[in-house]
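Student: Please take a close look at one part of this model, the largest cavity. Which residues line the largest cavity?

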Amino acid sequence: MYAQQIKSTGKGVQSLADMTPEERAFQERIDRGEKIEPKEWMPDGYRKNLIRQIGQHAHSEIVGQLPEGNWITRAPTLERKANLLAKVQDEAGHGLYLYCAAETLGVSRDELFEMLHSGKMKYSSIFNYPTLTWADMGAVGWLVDGAAIMNQVPLQRTSFGPYARAMVRICKEESFHQRQGFQIMMVMAQGSVDQIRMAQDALNRFWGPALMMFGPSDKDSVHSAQSMAWKIKMNTNDELRQKFVDETVPQAEYLGLKVPDENLKLNEETGHYDFSQPDWDEFYDVLNGNGPCNHERLEARKDAWAEGAWVRDAMMAHSEKKAARKQAAE
């Protein structure tokens, strides 16, 4: 998931009997599957929770361009360059859709960027890992976008209208990105000895971080209950992680690659794969800013914001000049 460690109100889920009339009517709408729109009444906790989740999701899409943008000029063929460029452009668009959705909740884009740059708002831990070889572009598309899709498809049914509608197009494009990544891995896995080694190495390095994308284990995810009651979050972390493993392991076997988990096996009783949990100490260390590329990624975003100031200033000046001419004409 691109939104990890999202804290809710800090309160337990209330029963309908304990809610105010406004809260009860709101919860009953959600329970009926109705969409909540920006100008409609909503609890303050619901609004804050959405801002955190959508904001972190948007930041993840934007920061997620950096590990891939690193390979646009170094992709092995012109076609690969064009494909990767298109993908990075898609990710920028996803971020814009999500920033727009967050702005309908009363938070400005400048405020969201300030929270990112100051460390008050995070982005997905997966983007703090380096992309060392071209095979990593395959692993990112196959595993990272694949993990994102596991969470984002259900979010098309989330209770907040602008978020749900943004996810429709995002999911279609992310699905294409996942297939694109798998195709890169398939070519590598059918290639030379060195290419096969690179593909296996990419899988080895990205498997654990991909499992971390869904957030901590349910027993340690204390804020999920309220998010699920509000249908901001549609599935638990462990449900999504299990679904990802169940669908990805057969794909790895098809590629002829080995998932780096000695405990991985199909459980005949449950029909699901048993697997090892990722290194949660590493997960929290990366979230706290100590990952391989945390400093590099955040500094890149700060630099881009600073270097783009003249564009924002020019657009504001043009808008003010246009408004002044219109007023004078009236």
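Tutor: A search of the whole structure turns up three cavities of 30 Å³ or more. This is a predicted model, where local features need pLDDT of at least 70, side-chain atom pairs count only at pLDDT 80 or more, and totals for chains, interfaces and linings use all residues. Residues are numbered from 1 along each chain as its sequence is written, and side-chain values use heavy atoms, with hydrogens and water left out.

A cavity is a set of points, on a 1 Å grid over the protein atoms alone, where a 1.4 Å probe fits but cannot get out; lining residues have an atom within 4 Å of a point. Grid points are joined across faces, edges and corners, and a volume is the space filled by probe spheres set on the points.

The largest cavity has a volume of about 90 Å³. Its lining consists of Glu68, Arg80, Asn83, Leu84, Lys87, Trp134, Met137, Gly141, Gln180, Gly181 and Ile184. By class, four are nonpolar, four polar and three charged. Here Ala, Val, Leu, Ile, Met, Phe, Trp, Tyr, Cys and Pro count as nonpolar, Asp, Glu, Lys and Arg as charged, and the others, Gly among them, as polar.

Now the helices. α4 (78-103), α6 (134-152) and α7 (161-189) each supply at least two lining residues. α4 gives the largest share, four residues. The protein chain has 13 helices and two strands in total. These are DSSP runs numbered from the N terminus: helices are H or I with at least four residues, strands E with at least two.

Methods:
On a 1 Å grid over the protein atoms alone, a cavity is a set of points where a 1.4 Å probe fits but cannot get out, and a pocket is an open set with protein on both sides within 12 Å along at least five of seven lines; lining residues have an atom within 4 Å of a point.
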